[in-house]
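Trainee: Could you take me through how the labels for this protein are justified, setting each value against its definition?

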Amino acid sequence: MAEIVSIVGRRVWDSRARPTVEVDVALADGARGRAIAPAGASMGSGEAADLRDGGSAFGGMDVRKALANVAGPIASTLKGMDAADQAAIDATLGRVDGTKQFAQLGGNAVVATSLAILRASAASAGKPLYAYLAGDAPVRIPVPEIQILGGGAHAGRRVDIQDFLVVCPSASSFVEALDRTAEVYRAAGALLRSNGKLHGVADEGGYWPAFSSNEEALDLLLRAIEAAGYVPGEDVHIALDVAASDFGKNGRYKLGLEGRELDRDGMAEMLVGWLDRYPILSIEDPFGEDDPEGFRAFAKAVGTRVQIVGDDLLVTDGERIRAAARDGLANCALVKPNQIGTVTGTKAAIEAARATGMSSIVSARSGETEDTAIVDLAVGWDAGQFKVGSIARGERTAKWNEMLRVEEALGAAAPYAGWGAFPVKKKGS
Ligand code: PGA
Ligand code: ZN
C-alpha cells in the first residue's frame, strides 16, 4: 500500500491560452504523479462539467474555484487513501461531489486528480504507466487518426465539418503511419499555398479551412494523398469528425457555409454520397447527440462499410455505450477521460466497447497541453485507435512522439493494431 500524502493543484495554461488545472500527487513511498486537465470546445451535453469562475478574467474561464476544491475537499478526503486502489479513489470523488457530471468539484479538478494519482501509482510500482495498466494482458500500438484540415468549432465554423483526418491501417507500424501522414500534411500545405488558401492552422494544428464547401475540403484531402504518392483507400484512408451536434437540432442540420438546411434523411444522403466518392473509413458524430434515430438509420444502411463513432453521443459513458450497441447506433466509441471525469470511468467505457463488439478510439481534446497520459491509456488498455489532432503544434506532437517512444520500447511485444482495430473489414478481404 502506498498512501497518498499530498495533493497540490496549480493553474497552468492550455493550447488556447485558457487556464486549466494541474495536479501533483505524492505518496508515502516517495512516488509522484502529475496530470493536467484538457478542455473541449465542441462538447456533448452529457459530459463531466468543468468548473470555471465566470466573471471577466480570461473570458470567465479561470479555474480558481476548481483549484480551491483540489486544495480543500479533494485533498482532505483522499489523503491517507491507498493510491493503488483507483476504483475506491474515483468512487470517493464521485461521492464527495454528489452529482453525475462533477458539477460541484469540477470535472477539470477531478480528472487531473484521478490521472495524477494513477501516475503516482505506476511510479510507485516502478513501471511505465502503459505497462502498469496492461498488467499481463497483451497490447497493441494503436492506429492514429490524424487531422489534416481543421473546421467547425475549431476554425470559426469556416466549414461545417470539424475534422478532416487521415488514417493508415495498412501501415506496418505506427512509425510508418506517421511518416505517411506527415507527407500528406506537407502535400496539403503545398496545394493550399499554390491555391492562395494557406492561412495558418486551426485549434488542433490542421490547416485553416478557407474553402467554399465541405466537398472542396474533401477534394483537397484526396489530392494531397495522391500528391504525396499514396493510393487513397489503400495506403491512406480518410476519417471525418462531423461533430454534427454543433450544427444540428432535432434532426435538422444547418450547413452554414452553403446556407442549406438538411433534414435527417438529407444529411444521411449527403454523407452516403461522400462515402461513395471518397475513401472514408471512419465517420464520427455524423448526427447530433439528440438524434439517435439519425444514427440508427445510418448505422443500418452503412454500418458494415464504415466505422461510425459516437463522441457527443456516448461521452465516454459505459452505460451509454452499452445502450448504443443494443440499439445499433454506432460501432465505435470515442474515449476522452475528461468526458467521464475519472480513470475508472474511462476504463469502464473501453471495457463496454470491447464487451459489445465496438471499436474504441482514445482521444485528446481541442484544448490540450504537454500531458501525455492518454498515450499510456490507449496502449495499456489496448484501445486500438488514437486521435489527438494534427501532426503540428507541440501539444499534439507531445502525444505522437511519446507513442513513438512506446512503440520502440515495446518492440515485437506490441504489434501495430492495423485493420484489426476497426469494426469493418478491408475492402476485398
Ligand atoms: P473537442 O473536439 O475537444 O472540442 O470536443 C474533439 C472532438 O470532437 O473529437
Ligand atoms: Zn468529436
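Mentor: What follows is a set of questions about charge pairs, burial and overall form.

Mentor: This is a predicted model, in which local features need pLDDT of at least 70 and side-chain atom pairs count only at pLDDT 80 or more, while totals for chains, interfaces and linings use all residues. Residues are numbered from 1 along each chain as its sequence is written, and side-chain values use heavy atoms, with hydrogens and water left out.

Trainee: Why is the contact between Asp50 and Arg52 called a salt bridge?

Mentor: The term requires a side-chain nitrogen of Lys or Arg within 4 Å of a carboxyl oxygen of Asp or Glu. For Asp50 and Arg52 the N to O distance is 3.8 Å, so the pair meets the criterion.

Trainee: What makes Arg52 buried and Asp50 partly exposed?

Mentor: Buried means under 20% relative accessible area, exposed over 50%, and partly exposed in between, with a 1.4 Å probe and protein chains only. Arg52 has 18% and is therefore buried, whereas Asp50, with 23%, is partly exposed.

Trainee: How do you know that Asp317 and Lys100 form a salt bridge, and which parts does the pair tie together?

Mentor: The closest N and O atoms of Asp317 and Lys100 are 3.2 Å apart, so this pair also satisfies the 4 Å limit. Asp317 lies in the loop between strand E11 (307-310) and helix H9 (318-327), and Lys100 in the loop between helix H2 (86-97) and helix H3 (107-124), so the pair ties together parts that are 217 residues apart in sequence. These elements are DSSP runs numbered from the N terminus, with helices (H or I) of at least four residues and strands (E) of at least two. Asp317 is buried at 9% relative accessible area, while Lys100 counts as exposed at 62%.

Trainee: How many salt bridges does a search of the whole structure find?

Mentor: The search finds 30. Among them is the pair of Arg396 and Glu395, with its closest N and O atoms 3.1 Å apart; Arg396 and Glu395 are both buried. Arg10, Glu22, Asp24 and Arg34 are linked in a network of salt bridges.

Trainee: How do you know that the radius of gyration agrees with that of a compact globule?

Mentor: The radius is taken over C-alpha atoms, and the globule rule is 2.2 Å times the number of residues to the power 0.38. For 429 residues a compact globule would have a value near 22 Å, and the protein has 21 Å, which agrees. Buried residues make up 60% of the 429 residues.

Key:
Chains lettered and ligands numbered in written order.
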